[in-house]
Amino acid sequence: MLRACALHHRIRQHIAFKELLGSLEVTNAFGSTTLAASLSASSKQLGRSLATQASPSSGQSDVLVVGAGHNGLVAATLLAQQGLRVEVLEEKRIVGGACRTEYPFKKAPGLPQSTGAYLLGVMPPELLSLLQLDLPLRRRDPHYFLPTRGDKYLLFGSDAEATRQQFLRFFSQEDWQAHQALNAELEAFRQDVGHNWLQEPLSIEETAERWVRPSLRQAFVGLCRGSVADYLARFGFRSELLQVMYATTDGFSGLNGGWDTLGTGMNFLVHNMCRLPGADGTWMVVAGGMGTVTQRLAAAARRAGATIRTGAKVESILVEGGTARGVVTAEGWELRARAVLVNADPFRLRELAGAANFTSELNEKLDGMRKDGTTMKVNLALSGLPTFSCLPEDRGQHRTTTHLLPGGEGEVLAGVQRAFAQAQAGQLPDFPTIEIYWQTTVDPTLTDAEGRYSAAMFVQWVPYQLAGTSWEAEEEGYVQHLLGLLDSFAPGASSLVVDTHTLTPPGIEKHFGISRGHIHHIDNSFGFADRFPYRTPVQGLYSASAGTHPGGSVVGCAGHNAAAALIKDLGLQQWWQLTG
């Protein structure tokens with residue numbers, strides 16, 4: 001349950017008055033525009049920020065937030081609601097980080113696309129309530145489709161009996177029982193630990209002792225410290241295909257790790273903490289694309305009194321006597337503040353602050369966390385929807401997360417192990433795991449005048465750096481190879497592709513500014529207190545990166561928790577309180 005202090009009411013009255021005076025005109029770092037013109041432009045570019053002035057504010061800020069990704073915007077909102085003077089500096093011309101809606105297709109310029117993050121799943125409902133963030137969430141039902149090249153398939157949705165019948169028809173009673181036991185245990189973990197993500201983390205073992213019901217403590221620690229393979233083996237699945245399906249869905253996603261890599265269990269846990277209202281443990285589509293999330297967060301930050309400047313690249317953090325005193329921008333502006341909170345990944349934060357200002361212990365820890373990104377996003381503009389051989393009739397399979405796996409029973413495990421080994425050797429896998437997301441079928445606003453469909457292939461694993469060649473030389477051909485794999489499940493699917501917008505790991509690094517193209521900043525194999533800390537050794541310098549607890553994805557907890565740490569260190573009474 002949420003309680004706000006009386007101080008919060010007084011702050012909101014002050015903010016409302018500031019809004020009345022300051023909402024007549026807004027500008028960005030590249031020039032002034034009226035509010036009406038900005039809103040008109042945002043109907044075409046949903047990710048564009050309504051920010052303020054081209055030069056720094058005349059007065060010193062209390063807090064400078066570096067980066068306007070979702071965590072930076074959460075922190076900016078809470079800090080401004082605290083009554084602090086907050087200025088957000090975003091290098092890109094649009095807010096949102098990797099959580100934004102863009103128009104990336106040259107051959108379909110009017111088709112919107114969530115170019116980076118694509119679904120919302122693990123943002124805590126308590127945080128949505130605290131921020132008064134009303135998001136247009138769309139549940140997918142069915143939500144999961146596993147096609148094969150034969151006649152087998154699985155189509156999961158809210159109809160439990162239909163799912164059971166598929167298990168019994170294509171797999172076994174033992175597999176159905178294992179599926180039920182697995183999901184019951186994951187629901188228990190959601191109930192036990194999901195709510196404490198909005199607190200500073202304990203160790204995995206301390207978390208189990210304090211929050212997890214006694215009967216599941218050993219299983220919880222084993223999951224977080226171990227591999228997804230060992231965790232799934234506990235439930236008695238007979239089908240190898242089903243085990244690989246579960247591992248691919250939540251254990252491998254965004255991770256530099258394979259079937260038996262320690263830490264894949266931690267990633268599996270993070271991706272199963274879906275507690276959104278009405279989600280029933282599933283991930284949801286946000287109407288208007290993922291840019292809706294960060295646009296509404298940016299609006300909340302501005303309402304609270306924060307200033308947001310786009311096109312404002314920070315070159316370095318001013319550190320004097322072991323304390324962060326402000327930042328220096330690429331334009332040469334020196335901005336002073338009482339504290340600096342950085343939304344960029346921890347490796348970029350260290351570059352800005354200077355490794356010499358970190359302790360040798362933290363530098364060593366961070367060096368040990370460095371892993372290359374191994375995911376590739378192929379954004380798709382489609383003229384129509386493909387027909388899958390195993391399920392040609394429409395039963396909602398184009399509203400799902402659809403997985404293409406390398407082989408059937410008796411060969412799929414060897415296939416995913418081979419794909420991971422190839423990526424680790426710098427080779428492009430013959431058949432990586434592929435997730436396909438169909439956005440327009442769930443959110444009809446994500447289309448253009450020609451009625452095209454927005455979709456994407458999320459590919460796991462590929463190398464950051466190729467051995468003996470380059471991404472520039474291989475990207476186009478590899479995209480065609482991936483579309484050929486889709487054709488083997490749905491003949492003719494590649495002919496429906498109007499255009500592609502591909503982000504390899506180096507492309508992710510360039511497009512979104514994430515070191516080594518790792519979408520989670522730091523591998524989700526590191527969990528709870530093992531992740532990067534909110535407080536750095538530099539006094540007054542804080543991290544709100546996805547590399548902190550609870551992990552990578554569009555969560556928002558890092559922004560909340562870093563803001564809470566900053567407020568506490570300033571000796572202020574935090575205006576909000578989360579209980580329950």
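In which loop is Pro-550 found? In this predicted model, Pro-550 belongs to the loop between β21 (541-543) and α18 (557-569), and the peptide bond that leads into Pro-550 from His-549 is cis, with omega near 10 degrees. Both His-549 and Pro-550 also contribute to the lining of the second largest cavity, together with Asn-71, Ser-545, Ala-546, Thr-548, Gly-551, Val-555, Gly-556 and Ala-558. The space in this second largest cavity amounts to about 30 Å³, and its lining comprises six polar and four nonpolar residues, with no charged residue.

Two cavities of 30 Å³ or more were found in a search of the whole structure. The largest of them holds about 50 Å³ of space, and its lining consists of Leu-380, Leu-382, Gly-384, Pro-386, Ile-436, Trp-438, Leu-486, Ala-493, Leu-496 and Val-497. The elements that supply two or more residues to this lining are β16 (375-382) and β18 (433-438). By class, nine of the lining residues of the largest cavity are nonpolar and one is polar, while none is charged.

A cis peptide bond is also present between Gln-460 and Trp-461, where omega is about 15 degrees; Trp-461 is located in the loop between β19 (453-460) and α16 (471-489). Positive phi values in residues other than glycine occur at Arg-516, near 60 degrees, and at Phe-528, near 55 degrees. Arg-516 is found in the loop between α17 (505-512) and β21, and Phe-528 is likewise placed in the loop between α17 and β21. Arg-516 is partly exposed, at a relative accessible area of 25%, whereas Phe-528, at 3% relative accessibility, counts as buried.

Definitions and conventions: Residues are numbered from 1 along each chain as its sequence is written. This is a predicted model: local features need pLDDT of at least 70, side-chain atom pairs count only at pLDDT 80 or more; totals for chains, interfaces and linings use all residues. Side-chain values use heavy atoms; hydrogens and water are left out. On a 1 Å grid over the protein atoms alone, a cavity is a set of points where a 1.4 Å probe fits but cannot get out, and a pocket is an open set with protein on both sides within 12 Å along at least five of seven lines; lining residues have an atom within 4 Å of a point. Grid points are joined across faces, edges and corners, and a volume is the space filled by probe spheres set on the points. Helices (H or I, at least four residues) and strands (E, at least two) are DSSP runs, numbered from the N terminus. Ala, Val, Leu, Ile, Met, Phe, Trp, Tyr, Cys and Pro count as nonpolar, Asp, Glu, Lys and Arg as charged, and the others, Gly among them, as polar. Buried means under 20% relative accessible area, exposed over 50%, partly exposed in between (1.4 Å probe, protein chains only).
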